[in-house]
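Hi,

Here is the structure I promised to pass on. Have a look at it first, and then read on for what turned up.

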Amino acid sequence: MYRLRLVKSRLVETSRALSEIVSLASWDEFRLAPTRRKTRWRRFSELVYISLRWGEVSNRYYMQGLDRVESRVGRDYMPYSTFRAIRNARNRRPGMGTPYDYVCVFQDKLLFERYFAAGGLPVVASEFVVRPARLIEPGGDAISVDDLIASGKPQRLFCKPQCGIRGANTFMLDIGANGLFIDGAPAEPSMLEDRLGDERYLFQRPITQHEQIAKLHPTSVNTLRVVTYRRADDTEVLSVSLRMGADGDITDNAGANRVFAGIRDEEGRLIETGYRATGERFFETRTHPTTGVRFRDCAIPFYRECLDLARRAHAWIPEVYSVGWDIAVTPEGPRLLEGNDDWSGRVMLMVPGFRDRVLRAHDLLDTGSPARLAPGEASAAARHH
């Protein structure tokens, strides 16, 4: 009976995977510029091969340009499992001769704030640390959520779980003479209590963005993602991109629609063609889909200062090999918002040459020849180094 259920389960999984592959192989053109694409049958067969070899059925086939006639799966494709193994092999380990794993600094947002503030770095700080039913002010005094609301003091606060990821469960809280509002909708105190639940939250003052960043999408904090890695006693920049919200979302990494654009030069000017993601689909775009602002007309203010801040921050925690820094750009300059040891390469793997830069940064790329690594080989090679 057990074997029968197992066979049935595997048949269902196989059927589901084939259905997804058929759908992926039928994707319409999503690029702005015409390009020679492989036939639907060839795309289907290569997607099946990727599924059988690496257990992946996803849009990364298209994100890495494998549908182009000139591409080759064995030469050009990096499975996400391989990328993750390479990244984690050096990040998820004791570093710099210590017996400790320092990634916890990035996983607890309050610890992150205090750790990097101690280094004299400009960090976005919280107004309140929220334990269930209690608010703890930075000075240490504790009041209740009800007391905060009853005070009637007009306040606008961005609320996020202390250990949350990808913008999940964040919301905007407004307190004033006209009552309580959650994400702009009238609410009762009990609704706020329900929203907080048993999670620990951080309440922060909303960030005022530089007008050049805000014009792209004003309701979200659009952050610069700077990925750095440690090379001996120095910090090098691996990649830089701008992440933007869409459709009125308040964050740049949640919701149905997200927008990304790379940087084309040392002045911080955006590339002409970026990407918008809608669920699991993505499309090239030269303008922000909500505001219509053209990427080529935009540049990151304080761009060099942003890169310098990322390098200084990484120097403060050299025990972690690579970090994806989220930096908010204000009228006064850059401020450190978050750091990620598990920074995602999903979007950056679209950028030509990024795959080889990742391998080179982890000493896995032979000069002049691209590496071809399976997930286990990547993990073993990274551990060896």
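Contacts between residues 24 or more positions apart make up 59% of those in the chain with a separation of 6 or more. Please keep in mind that this is a predicted model. Of the 385 residues in the chain, 48% are buried. The accessible surface is about 18,900 Å², and carbon and sulfur atoms account for 51% of that. As for secondary structure, you will find 13 helices and 15 strands.

Let me start with the sheet. It is an open one with 8 strands, ordered β3-β2-β1-β8-β4-β5-β6-β7, and the pairing is antiparallel. At the edges are β3 (142-144) and β7 (185-187), each of which pairs on one side only. From one strand to the next, the twist averages 30°.

If you zoom in on β7, you will see that its antiparallel pairing with β6 (residues 179-182) consists of 3 bridges. Here F181 sits opposite P186 of β7.

Two helices are worth a look alongside this sheet. Helix α7 (residues 109-117) packs on the sheet and touches β1 (128-131), β4 (155-161) and β8 (201-204). The direction of α7 makes about 55° with that of β8. Helix α9 (residues 189-196) lies across β1, β5 (171-176), β6, β7 and β8, and α9 runs at about 35° to β6.

Now to another strand, β14 (residues 322-330). How many of its 9 residues are buried? The count is 9 of the 9, so β14 is largely enclosed by the rest of the structure. The side chains are a nice thing to colour by direction: S322, G324, D326, A328 and T330 point one way from β14, while V323, W325, I327 and V329 point the other way. Residues of both sets are buried.

What does β14 pair with? One partner is strand β9 (residues 223-231), joined to β14 in the antiparallel sense over 6 bridges. Within that pairing, V226 has W325 of β14 as its bridge partner. Strand β15 (residues 333-340) also pairs with β14 in the antiparallel sense, over 7 bridges. There, A328 has R335 in β15 as its bridge partner. β14 and β15 form a hairpin, with 2 residues between the strands.

So W325 is a bridge partner in the pairing with β9, and A328 is one in the pairing with β15. These two residues point opposite ways from β14, and both are buried.

Happy browsing, and best wishes!

Key. Residues numbered from 1 in each chain as written. Predicted model: local features only at pLDDT ≥ 70, side-chain atom pairs only at ≥ 80, totals over all residues. Heavy atoms only, no water. Helix = DSSP H or I, 4+ residues; strand = E, 2+ residues; numbered from the N terminus. Buried < 20%, exposed > 50% of the residue type's maximum accessible area, 1.4 Å probe, protein only. Contact = heavy atoms within 4.5 Å. Areas by Shrake-Rupley, 256 points an atom, 1.4 Å probe, with all protein chains shown as cover. Pairing = 2+ DSSP bridges. Axes fitted to C-alpha atoms, helices over the stretch in contact; angles between N-to-C directions.
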